[in-house]
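Ready for a few warm-up exercises on a protein model? Try each task yourself before reading its solution.

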Amino acid sequence: MEDIDEEGDELLNLSLAIVTNSGGERIKKRKRRDNTTSSDFSSSSSEGCEGKIFRLLQMREQMLKLEHKKKRGGGATAVNENNVSSALEDLTKLYKSVSLCGDSVQRVVAYFADGLAARLLTRKSPFFDMISKDPTHEEEFVAFTALYRVSPYYQFAHFTANQAIIEAFEKEEDKNNRSLHVIDFDVSYGFQWPSLIQSLSEKGSSGSRISLRITGFGRSLDELRETENRLLSFSKGCRNLVFEFQGLLHGSNLINLRKKRNETIAVNLVFHLNSLNNDIKISDSLKSVHLLNPSIVMLVEQEGSRSPRSFLSRFMESLHYFAAMFDSLDDCLPLESTERLSIEKNHLGKEIKSMLNYDNIMEDRKTEKSTETWKARMESHGFEGVNLSSKSKIQARLLLKIRTHYCPLQFEGDGSNGRSTAAGFRVFERDDGRTLSLGWQDRNLLTVSAWNCHRVS
């Protein structure tokens, strides 16, 4: 990220030094001793890890009490010993240089420091929850809602996907009996769908109402019920629309889907495939989608959230990705905003810790990291990319003009690799118009693409 200054780079580099010198040792030890507790690590250390853990926690507590911007420390420390003991020492130094109330770089590095500390301690440690306690369901919802409201991040993904779904529906109006069935593989809170409900209602009339059925897969029955109530309540104000919702738990058989004859089927894979933890699950999901023979499949994937090959590769990509996300909040909320602190702690911070722990639950997946590899995977399962319409691109411009406070939008399709050094949120048109990416400065944050399904002859 080009606007990070030299002092910010020092913090990022120190984080990288810690993971470089501790990650490999920890993985090897975990394979040898699965039942190891945190105090067993590096028993040859003269001081012992337990004392270093207490000192680290003390320094973290001081960091949490800071209510002002701290002066950043010196250059990145070279760590020579490949062990957890030296990593604890360097994390202690890192906590002296960061603050959850500092600037965006200090904040993102603080959350990475917490994630690294939790990774070193493991869940068996009595200190784990002090560093990596998960937010409550209510805290997660409040943070997600705040980010949705103030940033174009999720709105860009949802509005672009919805526009393509509406256009697929319109193409089949002569045969679909004005019925649209959206199958959302990760419906979450359902925030994507009110804009689609409203748009379809405006297309209908009292004498020719449109039927919309959403089948949403979710994490829990309680969350599905909340989402259903939320969407049903919104749809009551749309008189030209007949709305139905069917909630299913993740892993439910697609045979349980309720379908109407000749309805237009749209499959929504928004932030879904990256949540699957192995290649077999991804392949099975795409095969199931293909069997549904949908008119359109919408794919939205977060850039930089997962990386192939190694923990170090993922760490490097994710550190810069989340640095861009934290920096982008400067365009949305002031540093002292309670909403911003909630977003950083209970949404972005939770994602950082999940990323750092990802290889503990993923054993057999070489994770996709670019639209090119996702493109190859989709095509190998019988899907073909569809050009996004000019209306989708215009809508993206308008959204950023509304949501971006300080920086003008530049829609790039040429120049230096289709990019420039302009600040702020930007849109990148990629793959000959088949994908749209939302970026902060010159770093892509997420990418939207549309796909047709063709039966293999």
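**Exercise 1. A helix pair**

This is a predicted model, so keep that in mind as you work. Find out which residues of helix 4 and helix 12 meet, and describe how the two helices cross.

*Solution.*
- Step 1: Start with the contact. On the helix 4 side you should find Ser 104, Arg 107, Val 108, Tyr 111, Phe 112, Asp 114, Gly 115, Leu 116 and Arg 119; they meet Arg 340, Leu 341, Glu 344, Lys 345, Gly 349, Ile 352, Lys 353, Met 355 and Leu 356 in helix 12.
- Step 2: Sort these residues by class. The contact of helix 4 with helix 12 has 8 nonpolar, 3 polar and 7 charged residues.
- Step 3: Now the geometry. Two packed helices are described by the angle between their axes and the distance between the axes.
- Step 4: Helix 4 covers residues 104–121 and helix 12 covers residues 338–356; they pack at an angle of about 40°, with axes 9 Å apart.
- Step 5: Put a word to that angle. Helix 4 and helix 12 are therefore oblique to each other.
- Step 6: Finish with the handedness: the crossing of helix 4 and helix 12 is right-handed.

**Exercise 2. Cysteines**

How many disulfides does the count come to? And is Cys 332 buried or exposed?

*Solution.*
- Step 1: Recall that a disulfide is a covalent bond between the sulfur atoms of two cysteines.
- Step 2: Look for cysteine sulfur atoms within 2.5 Å. The count comes to 0 disulfides.
- Step 3: Check accessibility. Cys 332 has 9% relative accessibility, so it counts as buried.
- Step 4: Do the same for Cys 101, which at 33% counts as partly exposed.

**Exercise 3. Unusual phi angles**

Where do Arg 178 and Asp 431 lie, and what is the phi of Arg 178 and of Asp 431?

*Solution.*
- Step 1: Know the background: most residues other than glycine have a negative phi.
- Step 2: Arg 178 is not a glycine, yet its phi is positive, about 55°. Arg 178 lies in the loop between helix 7 (153–171) and strand 1 (179–184).
- Step 3: Asp 431 also isn't a glycine, and its positive phi is near 55°. Look for Asp 431 in the loop between strand 8 (425–430) and strand 9 (435–440).
- Step 4: With 28% relative accessibility, Asp 431 counts as partly exposed.

**Exercise 4. A loop residue**

Where is Asn 253, and what separates its C-alpha atom from that of Ser 288?

*Solution.*
- Step 1: Asn 253 sits in the loop between strand 3 (241–249) and strand 4 (264–270).
- Step 2: Its relative accessibility is 48%, so Asn 253 counts as partly exposed.
- Step 3: Asn 253 and Ser 288 are 35 residues apart along the chain, and their C-alpha atoms are separated by 9.5 Å.

Conventions
Residues are numbered from 1 along each chain as its sequence is written. This is a predicted model: local features need pLDDT of at least 70, side-chain atom pairs count only at pLDDT 80 or more; totals for chains, interfaces and linings use all residues. Side-chain values use heavy atoms; hydrogens and water are left out. Axes are lines fitted to C-alpha atoms, for helices over the stretch in contact, and angles run from 0 to 180 degrees between N-to-C directions. Helices (H or I, at least four residues) and strands (E, at least two) are DSSP runs, numbered from the N terminus. Angles under 35 degrees count as roughly parallel, over 145 as roughly antiparallel, 65 to 115 as roughly perpendicular and the rest as oblique. A crossing is left-handed if the near helix is turned anticlockwise from the far one by less than a right angle, and right-handed if clockwise. Contact means heavy atoms within 4.5 Å. Ala, Val, Leu, Ile, Met, Phe, Trp, Tyr, Cys and Pro count as nonpolar, Asp, Glu, Lys and Arg as charged, and the others, Gly among them, as polar. Buried means under 20% relative accessible area, exposed over 50%, partly exposed in between (1.4 Å probe, protein chains only).
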